[in-house]
Amino acid sequence: MTARRKTTKRRTKAYREFVSEAEEILERMRDDLSDLADRRGQGADVDPELVNRLFRSAHSLKGLSGMFGLDGVSELSHHLEDVLDGLRMGRTAVDERALGLLDESVALVAQTLEKLEEGEGAGLDEQAAELIARIDGWARAPKAEAAGEGELDLEPAMQRALTEYEEHRLRENVRRGRRIVVVEANFDILSFEEGLAELTAAVREVGEVLSTLPSPGETPEAQIRFSLLVATDFPPEGLAARLELAGGAVRPASRSAAAAAAARSEPAPGAADATAPAEAEAAPRPRAEELDAEAEPAGEADSLAGGDLASLKSISETVRVDIRKLDELMNLVGELVIQRSAIAKLARQLRQDAATARLGAELEKIHKGLERKLQELQAGVLEVRMVPLRQVFEKLSRVVRRLRRDTDKEVRLEIRGADTELDKLIVEELVDPLMHVVRNAFDHAIETAEERLAAGKPREGSIRLEAYQRGNDVVIEATDDGRGIDAEAVHRRAIERGVVDAGNHLSRREILDLVFAPGLSTRDEVTETSGRGVGMDVVRANITALGGVVDVASEPGRGTTVTMTLPITLAIIQALIVGVAGERFAIPLNSVRETLLVDPAEVQRSDGRELLNLRGEALPLRRLASEFSLGEALREQKQYAVVLGIGDARLGLLVDRLEGQQDVVIKPIQGPIRSVRGIAGATEVGDSGAVLVLDVSALVEDSRSREAREAPARRAP
Amino acid sequence: MSEPVETTRRGPRPGWDALARAALRRESQEDTALRREFVTFHLDGDSYALPIEAVREIVRLRPITPVPRVPAPIRGVISLRGEVVQVLDLRLRLGLPREEPTRATRVMVLHGDDGGVTGLLVDSVRDVLRIPEEQMRSDSGGDHEAVAALLVRGNEFVSLLDIDRVLDLEA
């Protein structure tokens, strides 16, 4: 039990990462196992890709747990891997007992992780040992003979290059009477991975890719040729047309046909136009022979061929970086920018003096170059922080699949725009609110199949997640086609709870907005699936903390859309620099709707409030000078109104000057006063020290709540 | 600087920044059991001290950006190599009259965990004082609640500040 002591102490960051990664692997395995069981139940063929993925998961789990000294889990995963290897190689058939053992193993590993999370140490080693013994027993027991495999008739060079697994799949497909063909295609050296992935995906629609081999032969300059060994029911000619091969061909893989093909890889009849046949002809022959010679030792080629290598490669080309390191880099870039402005100043001074004008011009030129490179550097650092939303969306789709399994609701999750990128920090913080919104939709919004059919809707409910970029923001919409929000019920409840006054008239929008108020839920009971009773108020708090906005729209009987608008990055924002009295402030540009020059005569007063008629709408005004007690506001001069918008709320902020737009890095303000209402942080602008960044949502909210407090008084006669 | 420097002269002394920083770097390596080190500084003509461990660095005054909606002793924020740090005017905090900054004015930057780095605005920084613990006298009924003890230096007293109380602005 040395493992137990070792592991309980390891509650480091790396350890936590291990747990979350292991949990993800387990979740995937659970999904795959249940798919496997489903398919088997339906009498369908075992999907080789599924078994393969399970095998890879077990393999990853083994490596991970071994690294963290979880000997029991590592040992168990090792045996799992054996079982799965047997299945994927066709040595054993997928039967009830094998599935049972796999299920049990996954459950036990999950249990072990849970115990570890609670700090109890492993302690399940005995159970693991018992399970391993049973697996061994099963492995030794005589099993249903895996079906015999078909005969091969393959080009020798190709056959030598196949791994054991690939050969097994080949035989299996031959046995089933499928056609074995070789699909050849040329790709640009620089982008062959994408092209190959596309082709592979296309082939998978019509058959199984047995093996992918780099192919010797004449290729145009800067191109690389691959051969895919494919099992399909499609005739070769149809396949070529369907795959829209550029500069490639489809030919039968049989030995007899190989002789002809090997002499010269001529495009087969029916193949799409080759990109550059002339170039292919002109390619120097010795080059082709070199390639041939290199590809000769087929024993090594098999390691090149498998998908395992591809996955290893992608790991080695990615680096995990602590995001704080990127923050440090960002800080450094910020400092460089400030240094740069000092150089700019110096260059200007030098230019003004006739004696140093030339030197100044020279320095200015250098400065320009420096400025450009700095901008690139800044953009580069930012880009590194960006990750696609895909991972979060995939997590959500796993959750929906699990919910679908655990309940009897039929709900489909549609995902769009998973490639939309956001700052890594924001993406992390989005998981919880999104999860909540999706669970809410699943649990509360989507009706049962009977209710849906009765309402004339399709039996299957739908939740759609869509992400897209809009200017400096990323918008994520979660739309369901469920029952919609009962505004009446929300309003009643809000009155009961004292959230709003019964006498106040509220628009439908305002009522819908109440779902974000703390302590309001349209349904009384909190079910298993909706989680810990976390309300939409938490969702709003989470999104607001990220500098974002969340809104809801709903039509009774038709569905609900929750829209989240988020800044692309927290690290750097575009800001409008404004001046009030002697001070400057930065206003995040994503909340600035417009700016207006306001004549004092245009400002109207009503009940002590100042308003501006903005295209027929009354825009409430606040003077930043009075808000922040920066001396007497200039009431007799023209001022600028910066129209701020958070969701539907608008506020005109009066300032003395507009000083332009700038990219700024928001920094927290350190010191004994932990937070100042209305100030989001500070930034450095040029070499003149810190500039405060306004917290627009706080300013707008304050203005709105003042309005609300004063509103009933005004309505009274 | 192995012994405290006796000095009768007050006001700016060149090079104190560097000296203070060197002292910081040296940390307390030898006979720490016997002696403690303090950074001493002036406010309105009197001598004050802070434990050297509390001080991260000492910098010249730089432009202070005022911050609205904070208690008066917080003069604003300065930018410090990528950090934005509040500056507390120690004169105002201790109820002394406000004074325009001079060439000698310094900001003593205090360590702070979890976003608590703070700059203290002082008239000038004097030196590092190393004295045996027995020369510290707890201050009973001193001028200000923020004074924790009196340090004896030759024929003068130096007020040792209680850093937690200085930074507690709610009080």
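In this predicted model, six strands of chain A assemble into an open sheet with the order β14-β18-β19-β17-β16-β15, and the pairing within that sheet is mixed. Its edges are formed by β14 (592-598) and β15 (604-606) of chain A, each of which pairs on one side only. Direction ignored, neighbouring strands of this sheet are turned by 35° against each other on average. Inside the order, β17 (residues 617-623) and β19 (residues 649-655) of chain A are joined by three bridges in the parallel sense. A convenient place to look at this part of the sheet is A:Arg622, which stands opposite A:Leu653 in β19(A).

A second open sheet of chain A has five strands, arranged as β6-β8-β9-β11-β10, and here too the pairing is mixed. The edge positions belong to β6 (411-416) and β10 (549-555) of chain A; each has a single partner strand, so one side of each is left without a neighbour in the sheet. Between neighbouring strands of this sheet the average turn is 15°, again with direction ignored.

The sheet can be followed from one edge to the other. At the β6(A) edge, six bridges connect β6(A) with β8 (residues 461-470) of chain A, and the two strands pair in the parallel sense. Within this pair, A:Arg412 is found opposite A:Ser462 in β8(A). Further along the order, β9(A) and β11(A) pair over eight bridges in the antiparallel sense, with A:Ile476 opposite A:Met564 in β11(A). The other edge strand, β10(A), is antiparallel to β11(A) and is joined to β11(A) by seven bridges; here A:Val552 stands opposite A:Val562 in β11(A). These two strands, β10(A) and β11(A), make a hairpin with three residues between them, and A:Gly557 in the turn has a positive phi of about 80°.

Helices accompany this five-stranded sheet. Helix α18 (residues 390-406) of chain A lies across β6 and β8 of chain A and runs at about 175° to β6(A). Helix α19(A) also packs on the sheet, where α19(A) touches β6, β8, β9 (473-480) and β11 (559-567) of chain A, and the direction of α19(A) makes about 20° with that of β9(A).

Besides packing on the sheet, α19 (residues 424-445) of chain A meets helix α23 (residues 536-545) of chain A: their axes come within 9 Å and cross at roughly 150°. The two helices, α19(A) and α23(A), are therefore roughly antiparallel to each other, and α19(A) passes α23(A) in a left-handed crossing. On the α19(A) side the contact is made by A:Glu429, A:Asp432, A:Pro433, A:His436 and A:Val437, and on the α23(A) side by A:Val539, A:Asn542 and A:Ile543. Sorted by class, this contact of α19(A) with α23(A) has four nonpolar, two polar and two charged residues.

Another helix pair is found earlier in the chain. Helix α4 (residues 71-88) and helix α6 (residues 125-140) of chain A pack at an angle of about 20°, with their axes 9 Å apart. That angle makes α4(A) roughly parallel to α6(A), and the crossing of the two is left-handed. From α4(A), the contact draws on A:Gly72, A:Glu75, A:Leu76, A:His79, A:Asp82 and A:Val83, while α6(A) brings A:Asp125, A:Ala128, A:Leu131, A:Ile132, A:Ile135 and A:Ala139. Seven nonpolar, two polar and three charged residues take part in this contact of α4(A) with α6(A).

Chain A also meets chain B, with 25 residues of chain A in contact with 26 residues of chain B. On the chain A side, the elements giving two or more residues are α16 (323-352), β21 (669-670), β22 (679-684) and β23 (690-694). By class, this side of chain A divides into 12 nonpolar, eight polar and five charged residues. Strand pairing crosses between the chains as well: two bridges join β21(A) to β5 (residues 83-89) of chain B, and these strands run parallel. In this pairing A:Gln670 stands opposite B:Val85 in β5(B).

Finally, a word on confidence. Chain A has a mean pLDDT of 77, and 80% of its residues reach 70 or more. Residues 144-150 of chain A stay under 50, and for them the model has 14 contacts beyond four places in sequence. The pLDDT is also below 50 over residues 522-534 of chain A, a stretch that has 20 contacts in the model beyond near neighbours in sequence.

Key. Residues are numbered from 1 along each chain as its sequence is written. Chains are lettered from A and ligands numbered from 1 in the order in which they are written. This is a predicted model: local features need pLDDT of at least 70, side-chain atom pairs count only at pLDDT 80 or more; totals for chains, interfaces and linings use all residues. Axes are lines fitted to C-alpha atoms, for helices over the stretch in contact, and angles run from 0 to 180 degrees between N-to-C directions. Helices (H or I, at least four residues) and strands (E, at least two) are DSSP runs, numbered from the N terminus. Angles under 35 degrees count as roughly parallel, over 145 as roughly antiparallel, 65 to 115 as roughly perpendicular and the rest as oblique. A crossing is left-handed if the near helix is turned anticlockwise from the far one by less than a right angle, and right-handed if clockwise. Two residues are in contact if their C-beta atoms, placed from the backbone, lie within 7 Å. Ala, Val, Leu, Ile, Met, Phe, Trp, Tyr, Cys and Pro count as nonpolar, Asp, Glu, Lys and Arg as charged, and the others, Gly among them, as polar. Two strands pair if DSSP finds at least two bridges between them. pLDDT is the predictor's confidence in each residue, from 0 to 100.
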